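Subject: The structure you asked about

Hi,

Here is the model to go with our chat. Have a look at it first, and my notes follow underneath.

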Number of protein chains: 2
Amino acid sequence: MEISRRGQTVQASPIRKLKPYADRALEKGIKIYFLNIGDPDIPTPRPILDAVRSFNDRILAYGPAQGFLELRQAIADYFNGYRIPLTSENVIITCGGSEAILFTFAVVGDPGDEIIIPEPFYTNYNGYASLANIKIVPLTLKVENGYRLPSVEEIEAKITRRTKAILLCSPNNPTGTVYSPQELDRVVSIGVKHDLFLIGDEVYKEFIYDGLTHKSILEYEEAKDRVVVVDSISKRFSCCGARIGAVITRNERVYQAALKFAQARLCPPTIEQKAAIAAYKMGLGYFEPVRQEYERRRDVLYEGLCSIPGLVVGKPQGAFYMSVRLPVKDAERFVIWMLTDFALDKETVMVAPGQGFYSTPGKGLDEIRIAYVLNESDLKRALVIFKAGLEKYKATIEA
Amino acid sequence: MEISRRGQTVQASPIRKLKPYADRALEKGIKIYFLNIGDPDIPTPRPILDAVRSFNDRILAYGPAQGFLELRQAIADYFNGYRIPLTSENVIITCGGSEAILFTFAVVGDPGDEIIIPEPFYTNYNGYASLANIKIVPLTLKVENGYRLPSVEEIEAKITRRTKAILLCSPNNPTGTVYSPQELDRVVSIGVKHDLFLIGDEVYKEFIYDGLTHKSILEYEEAKDRVVVVDSISKRFSCCGARIGAVITRNERVYQAALKFAQARLCPPTIEQKAAIAAYKMGLGYFEPVRQEYERRRDVLYEGLCSIPGLVVGKPQGAFYMSVRLPVKDAERFVIWMLTDFALDKETVMVAPGQGFYSTPGKGLDEIRIAYVLNESDLKRALVIFKAGLEKYKATIEA
């Protein structure tokens, strides 16, 4: 009686697995600045909380498998606001963006099929690839050139007869890169040429800096039948615990298959769907002050990190993550050490080790991901602590 | 660019797929008695709704991947109340019982591995088997002998080298059968002898009639390492839209693997976990009046159905479902006809066709599942309509 191979080999979340070390630090009375997980400190918008508190049904009953029509319409309207033509019939509400990833992987591929993903990538793709037995084929990017996508030839070299899709996350988790229209054109044309699905993870769509605008792969009319977007309200409305996401596609066969998987799990959470409707009704105007707040934080963090000797930092144009190369051999060991052996005035910092964001063995060992989900003043303090910790670690542990 | 085979072959939910016919009937002004889906009309307990309405966090943030400790402890306490020794460390909170099924399938088996399940069975196992590429091996039961489990030899005949587990749902959906201690003993001893996992779906644990008591497979100390129970608060507390379930196991390797899949999807819904804590705090005393209500409904429905000529009805001892053989060739056609072509004083009845609860092709064609989730008065009216509809169908369509 042995558990499955996928159960044995599935990756422990690099974002989550170090939590026990954090718990022990907290027990010792250490204050931790949590920059390891994208759980924003921006207050959840009032209309969401009000909708939760005014839930007035007599019975907390099942909703439709594909989600409430009003929410699907609100999401279609939201994209229409970005001049992307969608209808409620293109949207399936899911239990978080997570479930949208699962359904999408399962609909585009069978066990052993391949999806090409630029790495470093959102680490939880690994968990779903294990669950659905999809093989992630990484396309390794480099911090030195800002994690830009490689040439057509380099991308095409990854395509095999098992390749079903290319997945692009933009703005990117964990790098913060926003792919340019030219980079998207390149990938879309490869998708068309090789008859592949194009999966877009654009959950950080609103968080774009330096005057850039976001281009969605949903904007490519010539590829509209091959595009599946996984979406989530978690970051958009600072409500990660709500677990409301969506599969968005204009491919009817993909939609119907995802719907059948959705039927098997009955429905997404009822209360949070109602809260999400209230959120979307705020309109696109909600996002600008939040976007500005994250842009300021990015600037504070980027400047602070650039002043620490030995770091290689890619300046992100979007999302709220930064991938950083450290002057250490084993970044995970450093991250743990910061929790177990270091504190500055009883305070320390937690970040995520980079290795879990790669699927190529040995990559990312000296990297970390930092989520700038704390306010400027906390970020500045965290930078002081981080710098002091890194200096001490290098002077004592890796001396 | 073709979607996956699993996406092409995954079953449409027999509970959900006929909804468009129901919608059209509603549009025509027909009132429908919905007996097709286990969405109870028992009001959600006040403490659950109060907990939702008093949600007072500033940020609707992620919780732990395995669920809040307080809820895991509350669930352990609940089972302790039935003298089943569990701790919070044996519980992982999931997004509905649905996700618990998915994690359990993925942890016990790899693609192509087999799980033996008595049929008819809860139809959504099919959806998750497709998603996880698990092969369900059905063990066909018969209404004529009350859906009792067959002999050791007949069960063992289904075991191959790919068999990883036997799944028992008791009280059963869709038959209402409650397996006797002797039947459980038989399956547990087979599990031990052949070194298999034993999966228990006991979400209807409280709904047991005729003075019977529920025996859980968690009570078998000799098999404690091989038992995984999928649990849910949906029916227990009449809150199907909450999407809170659990994987329960004392097998540490199963737990750790399920936890890693749980980490990949970050966390279950935050608000409903707090509501669930409030629910469990009501104590076991909450269940008795609800149980009595369902038992009365079962009696009303069973007597009513027995008075309709040509039906074969298994008298359920638990849950709130009844599987019924109809004197028709194609029960799905009849179910649709009831929605499209029949009404009695502008009212009709919707039930679930039986075929989707079987995985053996051709089985269940003349069966339906009825969920007695309406009050006695509505059930009585539904019986009148159902009987009239069946008579007319037989006289006109299958004459």
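Let's begin with one tyrosine. A:Tyr220 counts as buried because 20 other C-beta atoms lie within 10 Å of its own, and 20 is where the buried class starts. Do keep in mind that this is a predicted model. You'll find A:Tyr220 in the loop that runs between strand E6 (197-201) and strand E7 (227-232) of chain A. Leaving out residues up to four places away in sequence, A:Tyr220 touches A:Val188 and A:Val227. A:Gly38, on the other hand, is 182 residues from A:Tyr220 in sequence and 29 Å from it in space, C-alpha to C-alpha.

Next, the nonpolar core. The largest one has 264 residues, and the members that touch the most others are A:Leu198, A:Ala258, B:Leu198 and B:Ala258. If you want to click through one of these, try A:Ala258: with residues up to four places away in sequence not counted, it touches A:Ile92, A:Phe103, A:Val107 and A:Val247.

Now for how the two chains meet. On the chain B side, 66 residues are in contact with 67 residues of chain A. Several helices of chain B supply at least two residues each to that side, including H1 (5-9), H5 (96-108) and H10 (270-280). Which helix gives the largest share? That's H9(B), with seven residues. Sorted by class, the chain B side comes out as 33 nonpolar, 17 polar and 16 charged residues.

Two helix pairs in chain B are also worth a look. The axes of H5(B) and H9(B) come within 10 Å and cross at roughly 125°, so the two helices are oblique to each other. The crossing is right-handed. B:Phe103, B:Ala106 and B:Val107 of H5(B) meet B:Val254, B:Ala257, B:Ala258, B:Phe261 and B:Ala262 of H9(B). By class that contact has eight nonpolar residues, no polar and no charged.

The other pair is H11 (residues 287-306) and H13 (residues 376-396) of chain B, whose axes come within 10 Å and cross at roughly 15°. That angle is why H11(B) is described as roughly parallel to H13(B). Their crossing is right-handed. From H11(B) the contact uses B:Arg296, B:Arg297, B:Val300, B:Leu301 and B:Gly304, and from H13(B) it uses B:Glu376, B:Leu379, B:Lys380 and B:Leu383. Here the split is four nonpolar, one polar and four charged.

Cheers

How values were computed:
Residues are numbered from 1 along each chain as its sequence is written. Chains are lettered from A and ligands numbered from 1 in the order in which they are written. This is a predicted model: local features need pLDDT of at least 70, side-chain atom pairs count only at pLDDT 80 or more; totals for chains, interfaces and linings use all residues. Axes are lines fitted to C-alpha atoms, for helices over the stretch in contact, and angles run from 0 to 180 degrees between N-to-C directions. Helices (H or I, at least four residues) and strands (E, at least two) are DSSP runs, numbered from the N terminus. Angles under 35 degrees count as roughly parallel, over 145 as roughly antiparallel, 65 to 115 as roughly perpendicular and the rest as oblique. A crossing is left-handed if the near helix is turned anticlockwise from the far one by less than a right angle, and right-handed if clockwise. Two residues are in contact if their C-beta atoms, placed from the backbone, lie within 7 Å. Ala, Val, Leu, Ile, Met, Phe, Trp, Tyr, Cys and Pro count as nonpolar, Asp, Glu, Lys and Arg as charged, and the others, Gly among them, as polar. A nonpolar core is a set of buried Ala, Val, Leu, Ile, Met, Phe, Trp, Tyr and Cys residues joined through C-beta atoms within 7 Å. A residue is buried if 20 or more other C-beta atoms lie within 10 Å of its own, exposed if 12 or fewer, and partly exposed in between; C-beta atoms are placed from the backbone.
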